[in-house]
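Me: Please take a close look at one part of this model, the packing of its interior. Which residues sit at the centre of it, and how do the surrounding elements connect to them?

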Amino acid sequence: MGEIIVVGSGFSGSILARKIAEELDRSVTVVEKRSHIGGNMYDYYDENGILIQKYGPHFLNTNKYFIIEFLEKYAKLYPHQTKLLSFVDNKYVRLPFNFETVQQLVGPKKAEGLLAKMREEYASRDRVPIMELLNSKNEDVREYGKLLFDKCYKTYVAKQWGKTPEEVDSSVMDRVPMAMNYDERYLNKDFQYLPKEGFTKLFENMLNHPNIKVELNTDALDYIAFDDEKKIITYDGKDVDLLVFTGAIDELFQLKYGRLPYRSLDIRYTYEKKKSILPSEIVSYPQAKGYTRSTEYKKLTYGIDQDINISMIATEYPLEYNPENEVGNTPYYPTVTEENFKLYEKYKKEAEEYGNIILCGRLAEYRYYNMDICIEHALEKFETVKEILT
Ligand SMILES: Cc1cc2nc3c(=O)[nH]c(=O)nc-3n(C[C@H](O)[C@H](O)[C@H](O)COP(=O)(O)OP(=O)(O)OC[C@H]3O[C@@H](n4cnc5c(N)ncnc54)[C@H](O)[C@@H]3O)c2cc1C
């Protein structure tokens with residue numbers, strides 16, 4: 001039997017490696033170009049004992065309990081409801097924007113009538129996207145939608161994506177809908193957790209299998225070649241039975257059709273000798289210059305003791321991804337537009353010509369997958385893996 005290579009050790013790569021090792025009893029080499037496993041979920045303790053997520057804050061949110069059950073094989077999960085505030089007009093208001101935010105932004109007197117109209121128009125709706133508020137049949141609701149749009153969405157999107165709301169895919173605007181009640185949870189998903197000892201530990205357990213070998217600090221692109229006669233991909237000069245690729249698809253093909261754009265983040269850290277810095281674990285700053293949000297990692301509840309007299313906030317400054325630059329060289333968010341997706345389709349078509357490669361994950365499929373979707377998708381992809389290998 002030939003080798004099986006998995007490129008990337010985020011959820012997509014690690015899940016497939018584990019399933020191949022365990023259920024097909026095959027040896028797998030996981031090749032990771034970073035110096036650590038876990039992809040963008042990687043976390044570590046700083047010298048003060050604060051558990052920091054290196055690539056921005058990540059929370060597990062899902063309506064599908066089988067995802068939780070799957071992850072519980074590798075880590076004890078700790079309940080954590082993500083709660084945010086937004087700093088608007090010099091005050092902290094609830095995010096997701098909810099009925100409390102209406103009162104905070106227009107005052108309780110004006111809110112009375114507005115809330116009644118929202119309850120009537122969106123009866124039985126839990127969350128409503130901003131674009132629907134802007135197109136409400138009620139003038140007052142439309143006016144409130146415009147206030148939120150101008151003060152928060154427009155400005156946040158401009159920084160996050162470097163684009164106007166008209167230029168971004170509608171899914172981007174729909175990502176933070178307004179709660180039609182007083183629900184304080186950022187997302188209205190049923191099951192919300194963090195791994196008790198952090199994400200890295202979960203990945204260590206997932207990759208801890210006698211059939212799995214992990215090679216860090218190794219760029220797979222240095223070893224991948226295309227055999228155009230046999231229409232297979234080779235690795236380090238050898239035929240491989242399967243190559244699971246979870247890196248950026250445009251880089252796999254040396255950008256031959258052009259670069260797929262991503263937004264990146266410059267994350268800047270500030271320490272203060274205080275028990276607490278922010279009024280919430282994450283604060284979003286739609287009106288601030290240059291930065292979008294800050295996370296105070298100490299406030300995330302993992303069930304570990306972080307009761308120390310120092311704290312840190314990580315503030316995100318979005319910028320365009322460029323692998324050549326010192327900052328902004330990590331591809332964080334695929335810039336989903338019709339044009340970019342057409343470009344992605346060209347790469348995908350090219351990959352489909354080779355019989356022994358599977359593309360999986362956020363970078364390889366150029367999708368904004370959240371972790372729950374990414375996990376479910378990797379589990380589904382395992383069925384294709386089995387078809388190729390058995
Ligand atoms: C700032 C931010 C916050 C987020 N917050 C949440 C959240 O709260 N909840 C949620 O559900 N989702 C969140 N997500 C989404 C989540 O990060 C993704 O679902 C997840 O990262 C996808 O995992 P993946 O394995 O597909 O990709 P990645 O985690 O990106 O893993 C890909 C791996 O492949 C490696 N690689 C790439 N190219 C090569 C190569 N040539 N050779 C070797 N290795 C290579 C990379 O180094 C990386 O380790 C967030 C994303 C971002 C950017």
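Reply: Two residues count as touching here if their C-beta atoms, placed from the backbone, lie within 7 Å. The model is a predicted one.

Start with A17. Leaving aside residues up to four places away in sequence, A17 touches V6, V28, V30, L207 and I212. A17 belongs to the largest nonpolar core, which has 67 residues, and A17 is listed with L16, L243 and V244 as having the most contacts inside that core. Helix α1 gives the most residues to the core, namely six.

The partners of A17 lead to the strands. V6 falls within strand β1, residues 3–7, which runs parallel to strand β15, residues 238–245, with five bridges joining the two. I4 of β1 has L242 as its bridge partner in β15. The stretch of β15 also takes in L243 and V244, two of the residues with the most contacts in the core.

β15 has other partners as well. Strand β21, residues 357–359, pairs with β15 in the parallel sense over three bridges, and F245 stands opposite L359 there. With strand β14, residues 232–235, the pairing of β15 is antiparallel, over two bridges; in this pair T234 stands opposite D239. β14 and β15 form a hairpin with two residues between them, and D236 in the turn has a positive phi of about 55°.

V28 and V30, also touched by A17, lie in strand β2, residues 28–31, which pairs in the parallel sense with strand β12 over four bridges. I212, another contact of A17, begins β12, residues 212–215. I212 and V214 make up the covered face of β12, whereas K213 and E215 make up the uncovered one. In a regular strand the side chains alternate between the two faces of the sheet. K213, on the uncovered face, has T29 of β2 opposite it.

After β12 the chain enters the loop that leads to β13, and N217 is in this loop. Phi of N217 is near 50°, a positive value in a residue that is not glycine. N217 counts as exposed because 10 C-beta neighbours lie inside 10 Å, and the cut-off for exposed is 12 or fewer. S124, in the loop between α4 and β9, is another non-glycine residue with positive phi, about 70°. S124 is exposed too, because 6 other C-beta atoms lie within 10 Å.

Returning to the interior, A17 belongs to the core of 67 residues. A second, separate core has 28 residues, including L95, L105, Y153 and L187. Its surroundings include an open sheet of seven strands in the order β8-β7-β17-β18-β19-β16-β20, with mixed pairing. The edge strands are β8, residues 91–95, and β20, residues 333–334, each of which pairs on one side only. L95, listed in the second core, is the last residue of β8. Strands β7, residues 84–88, and β17, residues 282–284, pair in the parallel sense over three bridges, and L84 has I282 as its bridge partner in β17. Helix α3, residues 99–106, packs on the sheet, touches β7 and β8, and makes about 155° with the direction of β8. L105, which is in the second core, falls within α3. Helix α6, residues 139–161, lies across β7, β16, β17 and β19 and runs at about 100° to β7. Y153, likewise in the second core, is in the span of α6. Between β8 and α3 is a loop that holds P96, and the peptide bond from L95 to P96 is cis, with omega near 15°.

That leaves the ligand. A shell of 32 residues surrounds the ligand, and the closest are G8, G10, G39, G247 and G361. The elements that give two or more residues to the shell are α1, residues 11–23, and α11, residues 371–389. By class, the shell has 13 nonpolar, 13 polar and six charged residues. Helix α1 therefore appears twice in this account: α1 gives the most residues to the largest core and is one of the elements named for the shell, which, by definition, are DSSP runs.

Key: Residues are numbered from 1 along each chain as its sequence is written. This is a predicted model: local features need pLDDT of at least 70, side-chain atom pairs count only at pLDDT 80 or more; totals for chains, interfaces and linings use all residues. A residue is near a molecule or strand if its C-beta atom, placed from the backbone, lies within 6 Å of it. Ala, Val, Leu, Ile, Met, Phe, Trp, Tyr, Cys and Pro count as nonpolar, Asp, Glu, Lys and Arg as charged, and the others, Gly among them, as polar. Two strands pair if DSSP finds at least two bridges between them. Axes are lines fitted to C-alpha atoms, for helices over the stretch in contact, and angles run from 0 to 180 degrees between N-to-C directions. A nonpolar core is a set of buried Ala, Val, Leu, Ile, Met, Phe, Trp, Tyr and Cys residues joined through C-beta atoms within 7 Å. A residue is buried if 20 or more other C-beta atoms lie within 10 Å of its own, exposed if 12 or fewer, and partly exposed in between; C-beta atoms are placed from the backbone.
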